[in-house]
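Reader: Hi! I'm in my first year and I'd like to take a close look at one part of this structure. Could you walk me through it?

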2 protein chains.
Amino acid sequence: MDGDNPICSMSASNVRSSTIRDFLNDANLPGMISLAGGLPNRELFDVSGIKTACNTVLHRHPEAALQYGATEGQASLRRELVSLMAHRGIDTTADTIVVTTGSQQAIDLVARALLNPGDIVALERPSYLAAIQAFTLAGAKFWTMPSDADGVLTDRLPNFRTGDRRPKLAYLVTNFSNPSGTTLPLARRKALLAWAVENKVFILEDDPYGELRFRGHRIPALITLAAEIPGAERWCGYASSLSKIVAPGLRVGWLVLPNKLSDTVVRVKQALDLHTSSFVQEIAAEYLASSALSDRINLARERYRQHSDALVDALDNHLHAELTWNTPEGGMFVWATFKHNGDTSTLLPIARKEGVVFVPGIAFDPMTESRNSMRLSFATAGPAQLTEGICRLARAISEWRMQT
Amino acid sequence: MDGDNPICSMSASNVRSSTIRDFLNDANLPGMISLAGGLPNRELFDVSGIKTACNTVLHRHPEAALQYGATEGQASLRRELVSLMAHRGIDTTADTIVVTTGSQQAIDLVARALLNPGDIVALERPSYLAAIQAFTLAGAKFWTMPSDADGVLTDRLPNFRTGDRRPKLAYLVTNFSNPSGTTLPLARRKALLAWAVENKVFILEDDPYGELRFRGHRIPALITLAAEIPGAERWCGYASSLSKIVAPGLRVGWLVLPNKLSDTVVRVKQALDLHTSSFVQEIAAEYLASSALSDRINLARERYRQHSDALVDALDNHLHAELTWNTPEGGMFVWATFKHNGDTSTLLPIARKEGVVFVPGIAFDPMTESRNSMRLSFATAGPAQLTEGICRLARAISEWRMQT
């Protein structure tokens, strides 16, 4: 900006706009098939269940929903989240929970509570884009952890104890990661915790997708495993959200943190937004208490399994010569990589003309690499659309190969 | 924190917890009369109107309320806010509005978009506490503007053009300021804008209380006046909120900013929480469209006028020898100052025992001064309670005088 306008801060200037959010407009074009956004399928929204919860809250305790509330969250919702987490094998109490405005704010809160400008954050590669944005805004630098198709290669994590390049925070999505779809195996989870304690690195485990497992068996969360590893409970926190299992429009997420860090996060959150909407918190609590959720989650699992199968079958049929990909056990994403070189960001405009959009891999890489990969979401479109979308993608790839 | 726990960031360590939020617990003690919190009177919540809005939204367009939305806010709400602001004499368009999670987030967003650590923020003295927190978290230093009982003394603002102590941002509540109750006169508003242009200081005008005027005449907002002052439109922004006129539990606020800054703020907000709850935004839009609001605001004005009169009469009857105070024309607060020395934070524990709480002035001063003042809110308690609260305060002051 020139001298006749306010000059923006360094950290704000460094934050790139989300390529994905920019694509949301494309996804709304008539006839477009979107494999781009991670938008939950709209047929899974329990509109009547949420309406009932609204009316119950406004009938029984309107003031709790309409007045200012505690920064750490409404007592009713924190209680329900304890039960929800117990189903995930996470044993906690209401006073360890901080309710956040979506899990995006959980990431920002931890970043602001822990990071000074120039501090290093360890990330998976590729990583969740909006986490990269939040850490960039906190002035962080990045170090990418060595990884393979199962996530972080814990036996190749270096020992930072004596160096000054030690990351202060490691961030990862442990289940059906966004964008790579990987799930960190049990042995690596334990090894990661041991490494965190030894190297004094705080691990933030983000788990928005864990409930959406449609194959295989649940692997315990890091905060569950931390109980077995001396010292580990002080070095890990857990973030999750109702966005993928109830509705993203509510913007209800939460954090479970060690006590001292939790106190700091609550002070920081006061400065950020005083508290997350007590209105949506009370409605979410009422909805969770209604026991409608477990049927909804089963429905989502079955639906997303069908979507995933349709997408993978179509890839098998049309693109096995061009691409490799993971076969999902849950979540919303397939990460597809060209066998031969190819920059997926140059493919995108051609695909867009063919009527299909995806997110190029470069968007997810803190080092802006991963050029020959792309993220394909199977959440938003239905099975028939996914099949058609991959046909269009195959046509786009043929055109693109001829041009380059 | 010791070496066996994660070490918090410098800026997070500098943020004090809000004394006021700590008092909210006290306010809930049985029999306690609270003059502390700025909680809107609960009898003013339009529960049935909000219930109708919920049901309409979930019936007519549930997906807009439940799915992810645009970072800048829902189109429906931005349109309604344009109308709301037109009633305030503010002429704007939907594309200049960024919806925020309460006006608290509006302050944090502007802080993060503009401030590098060490940058200076100009504040009123006393200032809104949670704004001090947000600027502290951004690593700001403070400079307090010279002021009197009408707010900033614009003819005593220095010229910073050549100095390096120039504030980058000035923050003020122009109408019925929190905590001082002052309203900046028209001539000072114009002078402040001219100073901002000349000194390249961005002015953030926070206006949560402007609609709650129950005496006298509305003074135009800075962004309205900026149209008359060359260059001023690039140097001022406007923040407001539905918290004081609809319900704080919704957490719906908004910003009106010059274009370039608005783009940066939207990028920053992506990293903070993706977007404000689309669920509450759609409900707020529906409620604003229902035309119930203007009756509600009239009701609130009348109610708060009665409250204010009860509080001021009781002060006249019981404490005119001890205190001076402003006579409010609107808003929620009276700022009372001892004629003789006295630290109101030492008075508070005695008042608490007598069954009344207030907020000591020190909480609102960026330099932690204003020790001999206190903020008395007339929003939460009714007239009879306010009268009784001041009787209790008078008793507490007598006891306290005897002890010191």
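Reader: Let's start with one residue and then move to what surrounds that part: is Ala70(A) buried, partly exposed or exposed?

Author: Ala70(A) is partly exposed, because its relative accessible area is 33%, and the scale here calls a residue buried under 20% relative accessible area, exposed over 50%, and partly exposed in between (1.4 Å probe, protein chains only). Before going on, a word on the ground rules: this is a predicted model, where local features need pLDDT of at least 70, side-chain atom pairs count only at pLDDT 80 or more, and totals for chains, interfaces and linings use all residues. Residues are numbered from 1 along each chain as its sequence is written, chains are lettered from A and ligands numbered from 1 in the order in which they are written, and side-chain values use heavy atoms, with hydrogens and water left out.

Back to our residue. You'll find Ala70(A) in the loop between helix H4 (62-66) and helix H5 (75-87) of chain A. Helices (H or I, at least four residues) and strands (E, at least two) are DSSP runs, numbered from the N terminus. Now look for Leu274(A): it sits 204 residues away from Ala70(A) in sequence, yet their C-alpha atoms are 8.0 Å apart in space.

Next to Leu274(A) in the numbering comes His275(A), which belongs to the loop between helix H10 (259-273) and helix H11 (278-289) of chain A. His275(A) has a relative accessible area of 0%, so it counts as buried. A polar atom of the His275(A) side chain lies 3.0 Å from the backbone nitrogen of Gly69(A).

Staying in chain A, try helix H7 (residues 129-137), where 9 of the 9 residues are buried. Among them are Leu129(A), Ile132(A), Gln133(A) and Phe135(A). After H7(A) comes Gly139(A), with a positive phi near 80°.

Now for the partner chain. Contact means heavy atoms within 4.5 Å, and 83 residues of chain B are in contact with 83 residues of chain A. The size of an interface is often given as the accessible area lost when the parts come together. Here, chain B and chain A bury about 7100 Å² between them, 58% of it on carbon and sulfur atoms; buried area is the accessible area (1.4 Å probe) that two parts lose on being put together, summed over both.

What about charges? The rule finds 6 salt bridges across the interface of chain B and chain A, a salt bridge being a side-chain nitrogen of Lys or Arg within 4 Å of a carboxyl oxygen of Asp or Glu. One of them pairs Arg42(B) with Glu63(A), whose closest N and O atoms are 2.7 Å apart. Several helices of chain B give two or more residues to the side that touches chain A, including helix H3 (47-60), helix H6 (102-114) and helix H10 (259-273). H10(B) gives the most, with 9 residues. Sorted by kind, the residues on that side of chain B are 40 nonpolar, 26 polar and 17 charged. For this sorting, Ala, Val, Leu, Ile, Met, Phe, Trp, Tyr, Cys and Pro count as nonpolar, Asp, Glu, Lys and Arg as charged, and the others, Gly among them, as polar.

Let's finish with strands in chain B. Strand S9 (residues 236-241) has 6 of its 6 residues buried. In a regular strand the side chains alternate between the two faces of the sheet. On S9(B), Cys236(B), Tyr238(B) and Ser240(B) lie on one side and Gly237(B), Ala239(B) and Ser241(B) on the other, all buried. S9(B) runs parallel to strand S8 (residues 202-206), joined by 4 bridges, and antiparallel to strand S10 (residues 253-256), again by 4 bridges; two strands pair if DSSP finds at least two bridges between them.

There's also an open sheet of 4 strands in chain B, antiparallel, in the order S11-S12-S15-S14. Strand S11 (323-325) and strand S14 (359-360) stand at its edges with a single partner strand each, so one side of each has no neighbour in the sheet. S11(B) pairs with strand S12 (residues 333-338) over 3 bridges, and S12(B) pairs with strand S15 (residues 373-377) over 5 bridges. In that second pairing, Ala336(B) stands opposite Met374(B). S12(B) itself is mostly covered, with 6 of its 6 residues buried.

Terms used. Polar contact = N/O pair within 3.5 Å; in protein donor to acceptor, adjacent residues only side chain to side chain.
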